[in-house]
Amino acid sequence: MTGHPESPQRAAPNLYPLGLRLAGRRVLVVGGGAVATRRVPALLDAGADVLLVSPELTPALQAHVDAGRLHWVPRRFTPDDLDGAWLVQVAVDDPLAAAAVSAAAQERRIFCVRADDRRAATAWTPAVTRHGPVTVAVLGGGDPRRAVAARDAIRALFEERKGPFLTHPVEEGPPVNTPVGRVALVGAGPGDPELITVKGWRLLTEADVVVADRLVPGLLLDELRPDVELVDASKIPYGPSRAQEEINRILVDRARAGAFVVRLKGGDPYVFGRGGEELLACAAAGIPVTVVPGVTSSIAAPAVAGIPVTHRGVAHEFTVVSGHLAPDHPASLVNWAALAGLRGTLVVLMGLKNLAAIVGTLVAHGRPADTPAAVVQEGTTGSQRVLRSTLGRVAEEAGAAGLRPPAVVVVGDVVHALAD
Ligand code: SAH
């Protein structure tokens, strides 16, 4: 005897887990409040054809409607709304209304998720964590807190880069069995290893070869798998242009041999990072390339020093320039005289060496010498140093303080926007 179906001795039957391929398939969502707001994005992400039935909508759902991402029928549910649906999500508070939807779904044999009553539902939504192509879905046997706790533990494993599922690179892009690998140009962020993007970090954990710049946070490299080949691009023993050719050659050669190569670059790959040249070199060789933007030091270094590059009523623009060539250098592409006429924020990268000449040119062309200015050295790292000064004095004070690269110089009233 196994006992009465309702008795506690009877174990609940096991669930049958599935991954639903919803692309282009109708999913009915009944309700337009907080629950629907939370459920709809994952349905849209799966490509579902979402029909939402509800007299009212939250602003977030309204935004999906306005953008044409889902169809909204502004009234209460009627059973005909289920026509053509593969799945229904009930997201209404009123238990009678919810029961009417699940009864109609039951009659038509459409699986029904009920946020208000798990026992009345014919399908349960799991707690989910996504890591690129890998989706982990956890069902807690009817206890959502248990599911979330297990999910969080699994997510932590991914974040710590532990576990066998992280030791195999995941193929994406070119079909399996082709000898051609691929390259990702990944922005590593400004210095704090936590400021790499989630996608950049994931690709890093999947790489066979990592080609890293000098400004890349060392801790990110410290955590690479032992079998990953690490190429230190800053140690390539030629002048800058030969070194770039050599880097391009390494990217192409390793990818041709079938490797997944991550080209890890400080900040954002396209902000004074020569990422464009690397992309062109790979493209010319027929190697697929992905670009993963990064948090650029031009915004992040000021930010962590308490300087917003724009601030309401203070600056409506920010301009990022390279100061690696002095203003009078024949190869300079920067119109310093025009920059001197701007009121907004000026952020100079690679400008410490030429700082005296740069500020001299700005002042000579009309930017007031008492404009606030700051230097942020090694922003977002443990060695960060910040100097606040004025345009007229910043070069001398930076020299006296012994500030050195990498540093950004920020000019404009935003330097004091949060300080005063
Ligand atoms: N692609 C990078 C910039 C490369 S150029 C980015 O988007 O951040 C290198 C220059 O960036 C350095 O000379 C310095 O001016 C600036 N820089 C990079 N990291 C920095 C940091 N942590 N703090 C301050 N400046 C930084």
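**Which polar atom does the side chain of D94 have 3.0 Å away?** In this predicted model, the partner is the backbone nitrogen of L96, which lies 3.0 Å from a polar atom of the D94 side chain. D94 itself sits in the loop between strand 4 (85-90) and helix 3 (95-108). With a relative accessible area of 36%, D94 comes out as partly exposed. If you want a long-range marker to go with this view, take V292: D94 and V292 are 198 residues apart in sequence and 45 Å apart in space, C-alpha to C-alpha.

**The domain layout, for orientation.** The chain splits into domain 1 (26-125), domain 2 (165-295) and domain 3 (298-416). The centres of domain 1 and domain 3, taken over C-alpha atoms, are separated by 53 Å.

**T58, a buried loop residue.** You'll find T58 in the loop between strand 2 (49-53) and helix 2 (59-66). Its relative accessibility is 18%, and the cut-off for buried is under 20%, so T58 counts as buried. Who touches T58, once its neighbours within four places in sequence are set aside? The contacts are G32, G33, A34 and T37.

**The ligand and its surroundings.** There are 18 residues around the ligand, and the closest are V271, T296, S297, G379 and A407. Zoom in on the ligand oxygens and two polar pairs show up. One has a polar side-chain atom of S297 at 2.7 Å from an oxygen atom of the ligand. In the other, a backbone N or O atom of A407 lies 2.7 Å from an oxygen atom of the ligand. There's a nitrogen pair to look at as well: a nitrogen atom of the ligand is 2.8 Å from a polar backbone atom of P190. How much of the ligand's accessible area does the protein cover? On its own the ligand has 550 Å² of accessible area, and the protein covers 92% of that.

**Helix 8, with its buried face and its exposed side.** Helix 8 runs over residues 275-284, and G275, E278 and C282 are buried in it. Looking down the helix axis, those buried residues fall within an arc of 65 degrees, so they line one face of helix 8. The general helix rule is handy here: an α-helix has 3.6 residues a turn, so residues three or four places apart point the same way. Over on the other side of helix 8, L280 and A284 are exposed. What covers the buried residues of helix 8? The cover includes strand 8 (182-187), helix 7 (240-256), strand 11 (260-265) and strand 12 (289-292). After helix 8 comes G286, with a positive phi near 75 degrees.

**N248, a buried residue of helix 7.** N248 lies in helix 7. Is N248 buried or exposed? Its relative accessible area is 14%, which makes N248 buried. Ignoring neighbours within four places in sequence, N248 is in contact with E277, E278 and A281. One of these, E278, is also among the buried residues of helix 8.

**Helix 5, largely enclosed.** Seven of the nine residues of helix 5 (residues 198-206) are buried, so the rest of the structure largely encloses this helix. The buried set is G200, W201, R202, L203, L204, T205 and E206.

**Backbone oddities: two positive phi values and a cis peptide.** As a rule, most residues other than glycine have a negative phi, and most peptide bonds are trans. F272 goes the other way, with a positive phi near 45 degrees in a residue other than glycine. F272 is in the loop between strand 11 and helix 8, and its relative accessible area of 43% makes it partly exposed. M350 isn't a glycine either, yet its phi is positive at about 50 degrees. M350 belongs to the loop between strand 14 (345-349) and helix 11 (355-364). At 44% relative accessibility, M350 is partly exposed. Which two residues does the cis peptide bond join? The pair is P405 and P406, with omega at about -5 degrees. P406 sits in the loop between helix 12 (394-400) and strand 17 (407-411).

Terms used. Residues numbered from 1 in each chain as written. Predicted model: local features only at pLDDT ≥ 70, side-chain atom pairs only at ≥ 80, totals over all residues. Heavy atoms only, no water. Buried < 20%, exposed > 50% of the residue type's maximum accessible area, 1.4 Å probe, protein only. Helix = DSSP H or I, 4+ residues; strand = E, 2+ residues; numbered from the N terminus. Arc of directions from axis to C-beta. Contact = heavy atoms within 4.5 Å. Near = heavy atom within 4 Å. Polar contact = N/O pair within 3.5 Å; in protein donor to acceptor, adjacent residues only side chain to side chain. Areas by Shrake-Rupley, 256 points an atom, 1.4 Å probe, with all protein chains shown as cover. Domains from an automatic or database assignment.
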